[in-house]
Amino acid sequence: MSPTPPLFSLPEARTRFTKSTREALNNKNIKPLLSTFSQVPGSENEKKCTLDQAFRGVLEEEIINHSSCENVLAIISLAIGGVTEGICTASTPFVLLGDVLDCLPLDQCDTIFTFVEKNVATWKSNTFYSAGKNYLLRMCNDLLRRLSKSQNTVFCGRIQLFLARLFPLSEKSGLNLQSQFNLENVTVFNTNEQESTLGQKHTEDREEGMDVEEGEMGDEEAPTTCSIPIDYNLYRKFWSLQDYFRNPVQCYEKISWKTFLKYSEEVLAVFKSYKLDDTQASRKKMEELKTGGEHVYFAKFLTSEKLMDLQLSDSNFRRHILLQYLILFQYLKGQVKFKSSNYVLTDEQSLWIEDTTKSVYQLLSENPPDGERFSKMVEHILNTEENWNSWKNEGCPSFVKERTSDTKPTRIIRKRTAPEDFLGKGPSKKILMGNEELTRLWNLCPDNMEAFEHFSNEEFFEEAIEQADPENMVENEYKAVNNSNYGWRALRLLARRSPHFFQPTNQQFKSLPEYLENMVIKLAKELPPPSEEIKTGEDEDEEDNDALLKENESPDVRRDKPVTGEQIEVFANKLGEQWKILAPYLEMKDSEIRQIECDSEDMKMRAKQLLVAWQDQEGVHATPENLINALNKSGLSDLAESLTNDNETNS
């Protein structure tokens, strides 16, 4: 009897994997783990789960021992290599990242997150994306909850940018589909006029100024006092506007709109009356560059009364406020899918918004530095935002567009007409006269003189004779004799063929149609009655022959026709997970294959995208025959046989 294979032992396997992980960490090489994985007995799933536990155990020891971030990141890099080699589960690196970020302080989390940002291409690959996207989203949300939006603004922005790079544009979790507002963003300011110090400010400044002796401070270092008269009413109205920017829905209420209108007119009037000096702003910017100072961004407005005069004199601060107006106006005027039907602007409101928008753009262009350029840039960005609003109103459809028609329209290539085609010596033997009607008349007969042989009195006047019969009850305006072209041709034919044309008569005719009517009546008496067209069976035989030819059409001919959208839909369901095997044989590039993997997780959808891309690439050559050949070359003979049978059945 053959010896029984050793059974899997969890403690023993965990010990060996932990030792190998330490060895791989010291050598910075994954080979010890690969060797141990192949030597440890047990199923693949058992060994993978054990190695996952070993990774977490080693990482826990490193965190307890306060190891450097480099050692922690080295363990995570080993886990990424283990997933690539197939010796641990795909979610292991994300679990380790979550453990690290939960245990380390924020300053070290910054270093760890830099590693996460650099490996965004790895997370988006097919191996990691499906298993790790939810872990990464949860990890980023946990980090955002720990961070302060005002003190860790840059870190919060990096997390948001990382999520934007990781997930596709159509990811529902990252879209504000219902156009909700962040109502928690409340701007706090002094609402008690009795506690205000604005009335006392200028008096204190004058008293303090008396203690400074003349000549102690140079002209360039003299503090620039603000020329804008600021009182508590302006302060209160200015910061009260932030509540409307926070929740624009208030503007649809009658009373709130009046308040917003009043406050806005006063604030914008201050901006118009007290414009900033471009030279002062440029000097301030140059001083910042010389001293190495960086622009400081605050996520929340500072609403201290003492800063009011400085804020109104700051060009960046004015830009923030004016831009808030433009964003608010865009929402009020725009079509939002989830906006209530009661939220409708009156004509008066629309007119005011239109005029104020022009004023705001004018203020932006006058605001230094580079006001004109900044104003045009803002206008361009807001116009682009309209496209995103329309996309969201349509339910965020996929950016992958499917072909609407079954076959790709062939491009008509216009060739230069050869000279012999004009002279009637080409294949069609047709002389082109430059006009469709002239060309038709000229080519009725090769010899112009013989052209008259084609017309006889019986044939030409048959219609007019029928219309002249009172029993047919044809109205005069619909008779052929009233047509000027018909009358000209009738006169030429009568002059050549009819004896009545040159016979003298005492009748006087007021018009050509009246004369032709008389001649038609005379011809009707001489000519036999119009013969009824006897239908032969030749036309029916031709139709039967065409139908018979279609029925007897060979399968080879049917295979040469391009594939239809319905055939692609049916075959994509059968192809499924094997689409990636077929892709190289359809001459698809690696970049195109990776793009298909990133666009969708559904295997049937990926197969359909592959076939549609192949159809776009091949055009009229995207035939079932070529697809069958590619399937046979790729080793998918069963699918090739199935496609052949379906093609013959459908035909």
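Helices here are DSSP runs of H or I, at least four residues long, and they are numbered from the N terminus. With that numbering, the loop between helix 11 (232–246) and helix 12 (254–273) holds N247, which is where this tour will stop after an overview. The model is a predicted one.

**Whole chain**

Show the whole protein as a cartoon. There are 31 helices and zero strands. Of its 651 residues, 33% count as buried. Now consider contacts between residues at least 6 apart in sequence: 71% of them join residues at least 24 apart.

**Stop 1: N247**

Select N247, in the loop between helix 11 and helix 12. Is N247 buried or exposed? Its relative accessible area is 19%, and because the cut-off for buried is under 20%, N247 counts as buried. Next, show F181 and L183. Both are in contact with N247, once neighbours within four places in sequence are left aside.

**Stop 2: helix 12 against helix 16**

Move on to helix 12 (254–273) and add helix 16 (residues 347–366). Two packed helices are described by the angle between their axes and the distance between the axes. For helix 12 and helix 16, the axes cross at roughly 25° and come within 12 Å. Helix 12 is therefore roughly parallel to helix 16, as angles under 35 degrees count as such. The crossing of this pair is left-handed.

To see the contact, show these side chains:

- from helix 12: W257, F260, L261, S264, E265, L268, F271 and K272
- from helix 16: Q349, W352, I353, T356, S359 and L363

Coloured by class, the contact of helix 12 with helix 16 shows eight nonpolar, four polar and two charged residues.

**Stop 3: helix 15 against helix 16**

Keep helix 16 on screen and bring in helix 15 (residues 315–333). How far apart are the axes of helix 15 and helix 16, and at what angle do they pack? The axes lie 10 Å apart, and the angle is about 150°. That value makes helix 15 roughly antiparallel to helix 16, since the cut-off for this is over 145 degrees. Helix 15 passes helix 16 in a left-handed crossing.

On the helix 15 side, select R319, L322, Y325, L326, F329, L332 and K333. They meet W352, I353, T356, T357, V360, Y361, L363 and L364 of helix 16. By class, eleven residues of this contact are nonpolar, two are polar and two are charged. W352, for one, is listed in the contact with helix 15 and also in the contact with helix 12.

**Stop 4: helix 30**

Go to helix 30 (residues 624–633) and select P624, L627, I628, A630 and L631, which are buried. On which side of the helix do they sit? They cover an arc of only 160° around the axis, so they are on the same side of helix 30. An α-helix has 3.6 residues a turn, so residues three or four places apart point the same way. Just after helix 30, look at the backbone of G635, where phi is positive, at about 85°.

**Stop 5: two distances**

Select L491 in helix 22 (residues 484–497). L491 is partly exposed, with a relative accessible area of 27%. Draw a line from its C-alpha atom to that of L512, 21 residues apart along the chain; the separation is 9.4 Å.

Finish at N176, in the loop between helix 9 (153–166) and helix 10 (198–209). N176 is partly exposed, at 34% relative accessible area. The C-alpha atoms of N176 and K392 are 8.7 Å apart, with their positions 216 residues apart along the chain.

Methods. Residues numbered from 1 in each chain as written. Predicted model: local features only at pLDDT ≥ 70, side-chain atom pairs only at ≥ 80, totals over all residues. Heavy atoms only, no water. Axes fitted to C-alpha atoms, helices over the stretch in contact; angles between N-to-C directions. Helix = DSSP H or I, 4+ residues; strand = E, 2+ residues; numbered from the N terminus. Parallel < 35°, antiparallel > 145°, perpendicular 65-115°, else oblique. Left-handed = near helix turned anticlockwise from the far one by under 90°. Contact = heavy atoms within 4.5 Å. Nonpolar A, V, L, I, M, F, W, Y, C, P; charged D, E, K, R; others polar. Buried < 20%, exposed > 50% of the residue type's maximum accessible area, 1.4 Å probe, protein only. Arc of directions from axis to C-beta.
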